[in-house]
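Biologist: Please show the sequence and the model, so that the packing and the charged pairs can be discussed.

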Amino acid sequence: MISPNKKVLITCNNWFFAPDGAQYRAVFGTVSAICDDKETLGISTNRGSTNWYVRVGNVTIAGCQIQYVVETDICYLGAVNEQHRIDATGEYTWGLRNSTIYDADQQRVEA
């Protein structure tokens with residue numbers, strides 16, 4: 001069950017842009033609310049749209065985009081070593097990529 005004030009890792013169905021401008025596939029942070037469409041959008045949607053949302057840190061996720069929810073107090077947000085295809089010959093190499101998990105509780109300072 002998704003509950004307010006619990007830390008969660010939510011995997012989304014699709015990539016999304018976070019407030020920092022980067023793309024992510026999951027969100028880690030503290031649930032602040034579970035809201036309906038009227039609270040979130042200011043309007044009531046029809047049956048062709050999602051009608052519930054989850055606020056995690058500084059991100060709001062549409063219920064229809066949630067794939068998995070894990071309640072956890074810790075989450076690795078660092079770079080990940082993974083294999084990359086480097087050219088059409090099919091050669092692969094290992095390299096670091098940034099995390100695909102957005103830290104929604106992180107405080108950001110604008111320059």
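The questions and answers below treat the core, the salt bridges and one loop residue.

Modeller: This is a predicted model, in which local features need pLDDT of at least 70, side-chain atom pairs count only at pLDDT 80 or more, and totals for chains, interfaces and linings use all residues. Residues are numbered from 1 along each chain as its sequence is written, and side-chain values use heavy atoms, with hydrogens and water left out.

Biologist: Which strand gives the most to the largest nonpolar core?

Modeller: A nonpolar core is a set of buried Ala, Val, Leu, Ile, Met, Phe, Trp, Tyr and Cys residues joined through side-chain atoms within 4.5 Å; buried means under 20% relative accessible area, exposed over 50%, and partly exposed in between (1.4 Å probe, protein chains only). The largest such core has 16 residues, and Ile10, Phe16, Val27, Val54, Val56, Ile61 and Tyr102 have the most contacts inside it. At least two of its residues come from each of strands E1 (7–17), E2 (23–36), E3 (52–56) and E4 (59–62), strands (E, at least two residues) being DSSP runs numbered from the N terminus. With four residues, the strand that gives the most is E1.

Biologist: Which residue forms a salt bridge with Glu71?

Modeller: A salt bridge requires a side-chain nitrogen of Lys or Arg within 4 Å of a carboxyl oxygen of Asp or Glu, and the count by this rule is two. For Glu71, the closest N and O atoms of the pair are 3.9 Å apart. Glu71 is in strand E5 (residues 66–71), and its partner, 65 residues apart, is in the segment before E1. That partner is Lys6.

Biologist: How many residues apart are Lys7 and Asp105?

Modeller: The side chains of Lys7 and Asp105 meet in a salt bridge, at 2.8 Å from N to O. Lys7 counts as partly exposed at 26% relative accessibility, and Asp105 is partly exposed at 24%. Lys7 is in strand E1 and Asp105 in the segment after strand E8 (101–103), so the pair links distant parts of the chain, 98 residues apart.

Biologist: Is Thr72 buried or exposed?

Modeller: Thr72 is found in the loop between E5 and strand E6 (80–85). Leaving aside neighbours within four places in sequence, Thr72 is in contact (heavy atoms within 4.5 Å) with Lys7, Val8, Leu9 and Phe28. A polar atom of the Thr72 side chain lies 2.8 Å from the backbone oxygen of Ile74. At 18% relative accessibility, Thr72 counts as buried.

How values were computed: Polar contact = N/O pair within 3.5 Å; in protein donor to acceptor, adjacent residues only side chain to side chain.
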